[in-house]
Amino acid sequence: MAEFVNWDEEAVNYQRVFKTAGKNEYNIKLLDFLCSRLGLRPGIRVIDIGCGVGKYGTYFADMGCDVTLTDISGEMLRHARENMQLYSSPCTFLQCDFNDVSPKNESFSPPFELAVSTMSPAVHDVNTVKKMSAITNGFCFVSRFTDWEQPIRDEYYRLSGTAPEHSMNSDALKQDVERLVGFIKEAGFSPAVKIEDYSWTDVRSPREAAARFAHCESGAEFDRALETVKELCSPEGDFVDTVNTKVAWIYWKS
């Protein structure tokens with residue numbers, strides 16, 4: 001399992017990225033793949049397990065799919081409901097821990113033609129793989145980071161003498177992908193894996209970046225974070241945090 005994350009606290013940052021970043025090259029590439037290889041098309045039932053603020057749910061709804069969004073976090077789903085209001089496609093929201101929810105839950109019937117779980121720890125072992133497959137009569141798709149480089153963030157932690165709360169070690173990420181592929185095989189399926197590049201840039205003001213690192217907006221800890229952040233700002237005065245990753249797309253027919 002992934003390190004503990006307070007997803008309710010993280011929801012505001014996910015929503016900020018959703019509102020400011022828009023659909024990028026990676027998202028378009030993934031949607032094209034789901035359409036061309038895994039049967040995504042208007043009118044089908046799609047479930048996003050660990051949906052976050054509903055980014056992919058909005059893409060599916062925009063296509064005219066019948067969308068179900070699940071997440072363990074009430075705050076993530078609150079934002080997801082807000083984001084889905086622009087679309088007239090049917091949408092169901094279910095707050096649950098995918099470890100514990102029954103595959104016979106009424107929200108999972110009839111079966112989905114496509115189930116996805118993008119960058120979420122919700123599907124993480126044999127039992128959750130079997131559950132995802134049991135509620136799907138088409139394809140299952142899970143994505144995981146397999147490499148991660150974030151040089152400006154890493155330099156912040158070096159200069160400040162602190163460590164990130166959640167590490168993204170590439171060796172550990174690769175091992176996580178290998179374990180998940182093993183769980184899918186153990187569950188009786190034949191997974192395929194496709195590796196894709198994914199990069200993005202998060203631009204924040206110095207105060208916004210310092211608040212993100214310090215988890216507060218004032219006080220001594222914030223002031224120390226702000227001092228370090230200012231050393232790393234661009235000539236324009238922004239904190240420009242670029243992330244370069246590789247992502248494993250793991251998919252199988254249920």
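Which exposed residues does the face of H9 turned away from its buried side carry? The legends below take up this helix first and then turn to a strand and to the nonpolar cores, all in a predicted model.

**View 1. Helix H9, with its buried and exposed residues.** In this predicted model, helix H9 spans residues 220–231 and reaches 17 Å from its first C-alpha to its last, close to the 16 Å expected at 1.5 Å a residue. The buried residues of H9 are Phe222, Ala225, Leu226, Thr228 and Val229, and because they fall within an arc of 170 degrees when seen down the helix axis, they line one face of H9. The face turned away from this buried side carries Arg224, Glu227, Lys230 and Glu231, which are exposed. The cover over the buried residues of H9 includes helix H6 (151–160), helix H8 (206–214) and strand E7.

**View 2. Strand E1 and the side chains on its two sides.** Five of the five residues of strand E1 (residues 45–49) are buried, so this strand is largely enclosed by the rest of the structure. Arg45, Ile47 and Ile49 point one way from E1, whereas Val46 and Asp48 point the other way. In a regular strand the side chains alternate between the two faces of the sheet.

**View 3. The pairing of E1 with E2 and E4.** Strands E1 and E2 run parallel and are joined by five bridges, with Asp48 standing opposite Leu69 in E2. Between these two strands the chain passes through helix H3, and the resulting β-α-β crossover from E1 to E2 is right-handed. E1 is also joined to E4 by three bridges, again in a parallel arrangement, and here Val46 stands opposite Leu114 of E4.

**View 4. The largest nonpolar core and the surroundings of Phe141.** The largest nonpolar core has 31 residues, and those with the most contacts inside it are Leu34, Leu40, Phe60 and Phe141. Among the elements that give two or more residues to this core are helix H2 (25–37), helix H3 (55–63), helix H4 (74–84) and strand E5 (136–149); H2 gives the most, with five residues. Leaving aside its neighbours within four places in sequence, Phe141 is in contact with residues including Leu30, Phe33, Leu34, Met132, Trp249 and Tyr251. Apart from the largest core lies another, of 25 residues, among them Cys96, Ala115, Met132 and Val181. In soluble globular proteins, nonpolar side chains tend to be buried together.

How values were computed
Residues are numbered from 1 along each chain as its sequence is written. This is a predicted model: local features need pLDDT of at least 70, side-chain atom pairs count only at pLDDT 80 or more; totals for chains, interfaces and linings use all residues. Side-chain values use heavy atoms; hydrogens and water are left out. A nonpolar core is a set of buried Ala, Val, Leu, Ile, Met, Phe, Trp, Tyr and Cys residues joined through side-chain atoms within 4.5 Å. Buried means under 20% relative accessible area, exposed over 50%, partly exposed in between (1.4 Å probe, protein chains only). Helices (H or I, at least four residues) and strands (E, at least two) are DSSP runs, numbered from the N terminus. Contact means heavy atoms within 4.5 Å. The expected span of a helix is 1.5 Å times one less than its number of residues. The arc is that of the directions from the helix axis to the C-beta atoms. Two strands pair if DSSP finds at least two bridges between them. A crossover is right-handed if, with the strands pointing away from the viewer, the path from the first strand over the helix to the second runs clockwise.
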